[in-house]
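Colleague: I have a new model open and would like some help reading it. Could we go through it feature by feature?

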Amino acid sequence: MTQDTTSAAQKCIFCAIAARQAEASVVYEDETVVAFMDLNPVTPGHLLVVPRRHAVGLEDLDRATSAHVWSVGHDMARALRRSSMACEGINVMLCDGEVAFQTVFHFHLHVVPRYAGDGWTLKAETQERERALLDSDAQAIKDAIASTSR
Ligand code: 5GP
Ligand code: ZN
């Protein structure tokens, strides 16, 4: 870790939870990730999956750790579905960056069980985008894929 990352980690609540130095209701842990209940759940059962090692966002997370976080998120969603909490659906959400609603700057996946009438809405005003613009958007992303080292 760089000096900046080390000092960020020292002040980070999710690093403290991963190190068991802060209180949390842990659901699952292994050498790479910890999953625990969100303190302010959107719905009962809302949990977070975090890598033990401090990383702010997608750009900071190595491929293997990322794959494991998403895989454990899948396992947690399946466990919620099979649990006595009797949810009827699941949203898996990642907030990467302040503009995307990230408030805790240690990477985490939200696994949010959904219940009929739970009142949570995601409101977006969409309109169909012209094909030429969709094609140029696709090209910009393809260019980035081609130049991205993994
Ligand atoms: P974000 O908006 O960054 O994607 O979500 C951060 C989440 O972390 C929020 O849902 C918030 O309730 C949760 N959170 C913030 N502080 C704590 C804490 O100290 N303990 C736990 N368990 N969750 C927290
Ligand atoms: Zn951290």
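Colleague: Let me start with a detail: which residue in β5 does Leu-94 stand opposite?

Modeller: Leu-94 stands opposite Leu-109. Before we go on, please keep in mind that this is a predicted model. As for the general idea, strands of a sheet pair through backbone hydrogen bonds, either parallel or antiparallel. Here β4 and β5, the latter covering residues 109-114, pair in the antiparallel sense, with six bridges between them.

Colleague: What is the order of the strands in the sheet?

Modeller: The order is β1-β2-β3-β5-β4, in an open sheet of five strands with antiparallel pairing. At the edges are β1, residues 26-29, and β4, residues 89-94, each of which pairs on one side only. From one strand to the next, the twist averages 20°.

Colleague: How many bridges join β1 to β2?

Modeller: Three bridges join them, and the two strands run antiparallel. You can find the register from Val-26, whose bridge partner in β2 is Phe-36. The connection from β1 to β2 is a hairpin through three residues.

Colleague: Now let me zoom out. How many helices and strands does the protein have?

Modeller: The secondary structure comes to four helices and five strands. Read from the N terminus on, the elements run α-α-β-β-β-α-β-β-α. For a sense of scale, the C-alpha trace spans about 50 × 45 × 25 Å along its principal axes.

Colleague: I also want to check the backbone torsions. Which sign does phi mostly have in residues other than glycine, negative or positive?

Modeller: Most residues other than glycine have a negative phi. Two residues here are worth a look on that point. Arg-20 is not a glycine, yet its phi is positive, at about 60°; Arg-20 is found in the loop between α2 and β1. Phe-101, also a residue other than glycine, has a positive phi near 75°, and its place is in the loop between β4 and β5.

Colleague: On to the ligand. How many residues surround ligand 1, and which are the closest?

Modeller: A good way to read a binding site is to start with the shell and then look at individual contacts. The shell of ligand 1 has 16 residues, and the closest are Asp-38, Phe-101, Thr-103, His-108 and His-110. So you meet Phe-101 again, this time beside the ligand.

Colleague: Which elements each supply at least two residues of that shell?

Modeller: They are α2, residues 13-18, and β2, residues 33-37. The largest share is that of α2, with three residues.

Colleague: Where do the polar atoms of the protein come close to oxygen atoms of the ligand?

Modeller: Let us take the backbone contacts, then a side chain. A backbone N or O atom of Thr-103 lies 2.6 Å from an oxygen atom of ligand 1, and a polar backbone atom of Val-104 is 2.9 Å from an oxygen atom of the ligand. From the side chain of His-110, an N or O atom is 2.7 Å from a ligand oxygen atom. Taken alone, ligand 1 exposes 520 Å², and the protein buries 82% of that.

Colleague: And what is the space taken by ligand 1?

Modeller: That space is the largest pocket.

Methods. Residues are numbered from 1 along each chain as its sequence is written. Chains are lettered from A and ligands numbered from 1 in the order in which they are written. This is a predicted model: local features need pLDDT of at least 70, side-chain atom pairs count only at pLDDT 80 or more; totals for chains, interfaces and linings use all residues. Side-chain values use heavy atoms; hydrogens and water are left out. Two strands pair if DSSP finds at least two bridges between them. Axes are lines fitted to C-alpha atoms, for helices over the stretch in contact, and angles run from 0 to 180 degrees between N-to-C directions. A residue is near a molecule or strand if one of its heavy atoms lies within 4 Å of it. A polar contact is a pair of N or O atoms within 3.5 Å; within protein, one must be able to donate a hydrogen and the other to accept it, and residues adjacent in sequence count only if both atoms are side-chain atoms. Accessible areas come from the Shrake-Rupley method with a 1.4 Å probe; for residues, only the protein chains shown count as cover. On a 1 Å grid over the protein atoms alone, a cavity is a set of points where a 1.4 Å probe fits but cannot get out, and a pocket is an open set with protein on both sides within 12 Å along at least five of seven lines; lining residues have an atom within 4 Å of a point. A molecule sits in a cavity or pocket if more than half of its atoms lie within 2 Å of its grid points.
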